[in-house]
Amino acid sequence: MADQEDKKTKPVEAELLNDAADLSPALPNQILPSHIYLFPVNNRPFFPSQVQPVVVSAEKWEPTLVKVWETAHRTCGMVFVGEISAEKVEPEDFAEIGCLNRIHNPQKLEGNIQFISQGIKRLQIKRWLNDQAPFYVEVDYPEEDDGEDSEKEIRAYSLALINAVKELVQTNPLYGEELKLYLETFNPKDPSPLADFAATITTARGAELQEILATIPLLPRMKKVLPLLHKELQITRLQREISSEVNKKISKQQRQFFLREQLRTIQEELGITKDDRSADADLFRERLKKLHPPEEVMGKIEDELHKLAILEKGSPEYGVTRNYLDWSTSVPWGVFSEDKLDIVEARRILDRDHDGLDDVKDRIIEFLAVGAFKKEVSGSIMLLVGPPGVGKTSIGKSVADALGRKFYRFSLGGIRDEAEIKGHRRTYIGAMPGKFVQALKEVKVANPVIMLDEVDKIGASFQGDPASALLEVLDPEQNDDFLDHYLDMRLDLSKVLFMCTANLLDTIPLPLLDRMEMIKLSGYITEEKMAIARNHLFPKALDRGGLKKSQLKISDTAMRTIIEGYAREAGVRKLEKQLRKIMRKTVVRLLEDPEAKVNVSSRNLEDFIGKPLFRRETMLAGVGVATGLAWTALGGVTLAVEATCIHEQRRGFKQTGQLGDVMRESSEIAYSFIAANIGKFGGARDYFDNRFIHLHVPEGATPKDGPSAGITMASALLLLARGKAMERPLSMTGELTLTGNVLPVGGIKEKVIAAKRQGIQELILPEGNRGDFEELPDHIRAGLQVDFVGKFKQVATIIVR
């Protein structure tokens, strides 16, 4: 009977070895023989794609093996017969379904013959040609056919089998070797071998496995295999639990404890100086006395301390273990700083450090107020979004100061390795934990304020996706159980206050953005920049240059000129650079004349910082000209739109100004709407019939896109058709539809600030943005006349009144 066995072998007769070197693999798509010899198999049936050694009795089966070897295909049938012995096996004992196998490398050993058998395909016995050994039969090969309707169900069962196999392989290394053999013939488009392989790695009885072998359709076969795998997993888990209980009972921990105490006492009595190894262990134990680690953490550290005690100091493993203990005992387990929950003091600190940003301060005070009411500030994730230089990072420092917490900042810009977040695995010398463990080690408390700068500039590479690694950290439902790969221990980050900064939202993955509470920071208007310059930037520049207030003075007129002519961006970084430039020029003059007093006014400002980078924009005026408002990553800007008639020979429409696809579509909508309704707005009905119209948005070198210029373009075309010009400074924003509706747009605060910076006091905004405007601070809304419109006919009335 066929069986599996490992023994020393010796060569079989020459007739079996002439072609023994032919070990080319058998493929299922080769031409399959219709007449073959059979070998009985007991214990477990053979499956397609299965490869294993087989041992048969030379006396009984050598003639059969010789005949198989003489065939061109060298294949035979391996058919399950149960527990019947070889001498008594009869044709009726053979199962109807078996497996076609190819024979490799037969060798004779002490009355037996061993060979490698490779399963190819299921076979079905159709007719017996010889009912005595050697058994010879006619066979055919049944085909699987589950139909297209079961494709999704097959895919689902395939995933379930793969997950079960993965879990089972981890419990026994022997399964891993079988998995390697299976993967050599794996075809992702054919899940049938997967079901067969899953059945072969179980310890199911032969009859159960034969039932699976005899199930030809794939889906029913998968349904039979999956319960066998689950049963195997349950048995394996039970074995592991039993083994674990036995190991606990045989623990040597108590004995080792007494031996260590005796050794320490002997060393103290003899006055033996501690070696470096003992000194390291004592250092780590001394650190642990000041901490409150969980039991699991303490158990792991004790294991590493025991390992350190038995390692040779010069071995590489000693250095790896010592570094691990250094990091694991430097984490502030259970150490928290006390929060200051004084809302009045928090407001004072925010006002001290920042001018303007009242809406942002109010939101932070609300967050702190909830913590004060609960007597605990739980971990939270805030995202500060705004242009560069508006104070996002400095707000994080102020929040930490207001709470009395430690502050730690690191930039995520350009990070491409997820190990920066979750740490390197401790498998090589030089591995380190992730940034969050490093942060906790530096601040020495478990509830700091951690600032994640430039979260919108995270990269991704073959080393992993750091943004995906952040999902666990920035999820309040998960970060109380954060796993660092280096420590391989769970950390509680739920008490950490995370504050992230970003310039744009477009590049932040949506799952990550969904976990953060967003606070938008818009740009500053001139008055706010004046206050920031006087209260923060100018004193900072004086301190940087070692100057006294009496040595350098800048007039308010000069400061306003710097803001409007040299630093017109939304933030204040360029303003700070210009003030530093004035400081450096002043230092040069003081070195030449130590008694000099430098006064900077609008008249001599150019001597210090050169010609203005920006001139005050001249409002374009004339027939067919309208002024819009636009949002950019650096803040709001005004946007002029010009329309003119080129000739009256044929109808046409042309747009220029480096417009994006969305803005170009907006211009087409505006043209179609005005051309269709010009008669309703006081123009000639046939005005656009034979005229070629050119629409241009100045500053053609600057790319422009977005839908918010729709009513501006329509207004320019309407003014052109009526031959009128705008008689007063007026700007507008809003998306236009083909039916004349005006839809709301974004960036209202930035656009209103841009209008005020240009001295425009009258605005047209969509009715849907009324709430956004009313939420603006009073000092921004002051002096503005705003018309809210829902239809373009309202715009047409306003621009010509």
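Is Arg-515 buried, partly exposed or exposed? At 23% relative accessibility, Arg-515 counts as partly exposed; Figure 4 shows its surroundings.

The structure is a predicted model, in which local features need pLDDT of at least 70 and side-chain atom pairs count only at pLDDT 80 or more, while totals for chains, interfaces and linings use all residues. Residues are numbered from 1 along each chain as its sequence is written, and side-chain values use heavy atoms, with hydrogens and water left out.

**Figure 1. Overview of the protein.** The protein has 28 helices and 24 strands; helices (H or I, at least four residues) and strands (E, at least two) are DSSP runs, numbered from the N terminus. Of its 801 residues, 48% count as buried. Buried means under 20% relative accessible area, exposed over 50%, and partly exposed in between (1.4 Å probe, protein chains only). The accessible surface comes to about 40600 Å², and carbon and sulfur atoms hold 50% of that area; areas come from the Shrake-Rupley method with a 1.4 Å probe, and for residues only the protein chains shown count as cover. Among contacts with a separation of 6 or more, 75% join residues 24 or more positions apart, a contact being heavy atoms within 4.5 Å.

**Figure 2. Salt bridge between Arg-237 and Glu-167.** Side chains of opposite charge can pair when their charged atoms come close. A salt bridge here is a side-chain nitrogen of Lys or Arg within 4 Å of a carboxyl oxygen of Asp or Glu, and the count by this rule is 42. In the pair shown, the closest N and O atoms of Arg-237 and Glu-167 are 2.6 Å apart. Arg-237 lies in helix H7 (residues 218-249) and Glu-167 in helix H3 (residues 151-169), so the salt bridge ties together parts that are 70 residues apart in sequence. Both residues are partly exposed, Arg-237 at 38% relative accessibility and Glu-167 at 33%.

**Figure 3. Salt bridge between Asp-351 and Lys-361.** The closest N and O atoms of this pair are 3.0 Å apart. Asp-351 belongs to helix H12 (residues 343-353) and Lys-361 to helix H13 (residues 358-374), ten residues apart. Asp-351 is partly exposed, with a relative accessible area of 37%, whereas Lys-361 is buried at 5%. Lys-361 also appears in the lining shown in Figure 6.

**Figure 4. Salt bridge between Arg-515 and Asp-475.** Here the closest N and O atoms are 3.4 Å apart. Arg-515 is in the loop between helix H18 (510-513) and strand S13 (517-520), and Asp-475 is in the loop between helix H17 (466-473) and strand S10 (482-484), so the pair joins parts that are 40 residues apart in sequence. Asp-475 is buried, with a relative accessible area of 12%.

**Figure 5. The largest cavity and a salt-bridge network that shares Arg-426.** Rolling a probe the size of a water molecule over the atoms shows where empty space is left. On a 1 Å grid over the protein atoms alone, a cavity is a set of points where a 1.4 Å probe fits but cannot get out, and its lining residues have an atom within 4 Å of a point. Grid points are joined across faces, edges and corners, and a volume is the space filled by probe spheres set on the points. There are three cavities of 30 Å³ or more, and the largest holds about 60 Å³. Its lining consists of Gly-319, Val-320, Asn-323, Arg-426, Tyr-428, Ile-429, Gly-430, Ala-431 and Tyr-486. By class, five of these are nonpolar, three polar and one charged; Ala, Val, Leu, Ile, Met, Phe, Trp, Tyr, Cys and Pro count as nonpolar, Asp, Glu, Lys and Arg as charged, and the others, Gly among them, as polar. Arg-426 is also linked with Glu-304, Lys-307 and Glu-317 in a network of salt bridges.

**Figure 6. The second largest cavity.** This cavity holds about 40 Å³ of space. Leu-350, His-354, Leu-357, Val-360, Lys-361, Ile-364 and Ile-395 line it, and H13 gives the most to this lining, with three residues. The lining divides into five nonpolar, one polar and one charged residues.

**Figure 7. Surroundings of Phe-284.** Phe-284 lies in helix H9 (residues 276-289) and is buried, at 0% relative accessibility. Leaving out residues up to four places away in sequence, Phe-284 touches Leu-305, Leu-308, Arg-322, Leu-325, Asp-326 and Thr-329. Phe-284 and Leu-305 are 21 residues apart in sequence, and their C-alpha atoms are 8.5 Å apart in space.

Methods:
On a 1 Å grid over the protein atoms alone, a cavity is a set of points where a 1.4 Å probe fits but cannot get out, and a pocket is an open set with protein on both sides within 12 Å along at least five of seven lines; lining residues have an atom within 4 Å of a point.
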